[in-house]
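The following exercises invite the reader to examine one structure step by step. Each task is followed by a worked solution.

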Amino acid sequence: MPLSTATAVAHPNIAFIKYWGNRDEEIRLPQNGSISMNLGDLTTRTTITFDSNLPRDTFDLNWVRQSGAMLERVSNHLNLIRGIRGFSSPAHIFSETNVPPGAGLASSAAAFAALTVAAVRAAGIEMSEKDLSRLARRGSGSAARSIPDGFVEWYRGKEDSDSYAITIAPSSHWDLVDCIAVVETSHKTIGSTDGHKAAASSPLQAARVKDTERRLDLCRSAILQHDFDALSRILELDSNLLHAVALTSSPAIYYWLPATLAIMQAVITWRKSGLPVAFTIDAGPNVHVICEEESKTLLIEKLTHVEGVQQVIASGVGAGARLV
Ligand code: DP6
């Protein structure tokens, strides 16, 4: 491969119906389908250059040279793409992100979505959105959902070929905002990859998975009908189900801190008093509080005053991964 370069941007996403547990760890075939919204104000921009003169892959993230497990995961993903075209040139990857470091926000979705789109182009491969989503999935499951625009559903699928994500409504469909209440900035102790592995050990996982189609239907209709009430109910139920599984896995995983619960309780109180807000929590203690654009300023103000909240990061709905 002669010198070849491409740049792509992608956004992280927040899951409304969450991915938790794999049927196949190696190729990340999920136990259940999921639905998410891209976060347009948080961006990862990645430039990749394949260059046969390089001795090995190098990866710089926000100007810091990466090594160990991080570099290995990226190299393994590039091997899939190099394998498709049958070449072995090493690559230099330069990635910049405005997702605050240590905010405990899953950044792997944006990272692998941007890496996939840039690397596929730099390798000279033409690929459909569906196939880009399947490929991004192999790097990080939730990255499959950062490929399409806006509100996205990732199909569980029967096998590799039909487990990919599609847009169910474009980013312009509904001006939802994710206000992320950051309560801890140190790195989470048990990352999502290990959480997925532990899920099967919980006696509650089978019930959670069995009920997924019902939750996906409720969530999809709530989005399509702009029904915030219905969305709040399904959002909080799905998040609680994930944490019920984590808490009852062997070993048990406790993602919440006291401030996490304080925010959850505040959100429920605010909603009862007429402010349309709802929470969802990923594999960490920070709380994603979802609202419509018109409630954003008041919500941020209220969240800032909850004890234990260090920072609030807000993002509206975002586009899919794309070349720049
Ligand atoms: C709780 O996609 O980060 O955020 O496939 O191992 O990279 P890997 O896991 P990841 O898991 C995301 C878990 C979650 C829920 C979700 O985003 O659906």
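**Exercise 1.** Determine whether H226 is buried, partly exposed or exposed, and describe its backbone.

*Solution.* In this predicted model, the relative accessible area of H226 is 39%. Partly exposed residues fall between the limits of 20% and 50%, so H226 is partly exposed. Next, locate the residue: H226 belongs to the loop between α6 (212-224) and α7. Finally, consider the backbone: phi of H226 is positive, about 50°, although the residue is not a glycine. Most residues other than glycine have a negative phi.

**Exercise 2.** Find where N62 lies, and state its phi and its exposure.

*Solution.* N62 is placed in the loop between β7 and β8. Its phi is near 45°, a positive value in a residue other than glycine. With 30% relative accessibility, N62 counts as partly exposed. The strands on either side of this loop, β7 (residues 58-61) and β8, run antiparallel and are joined by two bridges. In this pairing, L61 stands opposite V64 of β8.

**Exercise 3.** Describe the open sheet of six strands, identify which strands stand at its edges, and name helices that lie against it.

*Solution.* Begin with the order of the strands, which is β8-β7-β9-β6-β1-β16, with mixed pairing. The edges are β8 (64-65) and β16 (322-323); each has a single partner strand, so one side of each is left without a neighbour in the sheet. Helix α1 (residues 68-85) packs on the sheet and touches β6 (44-50), β7 and β9 (91-97). The direction of α1 makes about 120° with that of β7. Helix α2 (residues 108-122) lies across β1 (4-10), β6, β9 and β16, and runs at about 150° to β1.

**Exercise 4.** Describe the open sheet of four strands and its edges.

*Solution.* The order here is β2-β5-β10-β11, and the pairing is antiparallel. At the edges stand β2 (13-17) and β11 (165-169); each has a single partner strand, and therefore one side of each lacks a neighbour in the sheet. From one strand to the next, the twist averages 35°. As an example of the pairing, β10 (residues 151-154) is joined to β11 by four bridges, and W154 faces A165 in β11.

**Exercise 5.** Explain why strand β12 is described as largely enclosed by the rest of the structure.

*Solution.* First, count the buried residues: seven of the seven residues of β12 (residues 176-182) are buried, so the strand is largely enclosed by the rest of the structure. Second, inspect both faces. L176, D178, I180 and V182 are buried on one side, and V177, C179 and A181 on the other. Third, examine the pairing. Six bridges join β12 to β14 (residues 287-292), running antiparallel, and A181 has V287 as its bridge partner in β14. Another six bridges join β12 to β15 (residues 311-316), again antiparallel, with C179 opposite A314 in β15.

**Exercise 6.** Establish how many disulfides the model contains, and examine C291 and C219.

*Solution.* A disulfide requires two cysteine sulfur atoms within 2.5 Å. By this rule the count is zero. C219 is in no disulfide, and the nearest cysteine sulfur, that of C291, is 16 Å away. For C291, the closest cysteine sulfur is that of C179 at 4.4 Å, which is too far for a bond. C219 is buried, at 0% relative accessibility, and C291 is buried at 0% as well.

**Exercise 7.** Check the length of helix α7 against its number of residues, then examine its start and the loop that follows.

*Solution.* Helix α7 (residues 228-247) has 20 residues, and at 1.5 Å a residue it should span 28 Å. The end C-alpha atoms of α7 are 28 Å apart, which agrees. At the start of α7, a side-chain oxygen of D227 comes within 3.3 Å of the backbone nitrogen of D229. P251 lies in the loop between α7 and α8 (258-272). The peptide bond joining S250 and P251 is cis, with omega about -10°.

**Exercise 8.** Describe the surroundings of L42.

*Solution.* L42 is located in the loop between β5 (34-38) and β6. At 4% relative accessibility, L42 counts as buried. Leaving aside neighbours within four places in sequence, L42 has contacts that include A10, H11, P12, I180 and I313.

Key:
Residues numbered from 1 in each chain as written. Predicted model: local features only at pLDDT ≥ 70, side-chain atom pairs only at ≥ 80, totals over all residues. Heavy atoms only, no water. Buried < 20%, exposed > 50% of the residue type's maximum accessible area, 1.4 Å probe, protein only. Expected span 1.5 Å × (residues − 1). Polar contact = N/O pair within 3.5 Å; in protein donor to acceptor, adjacent residues only side chain to side chain. Pairing = 2+ DSSP bridges. Axes fitted to C-alpha atoms, helices over the stretch in contact; angles between N-to-C directions. Contact = heavy atoms within 4.5 Å.
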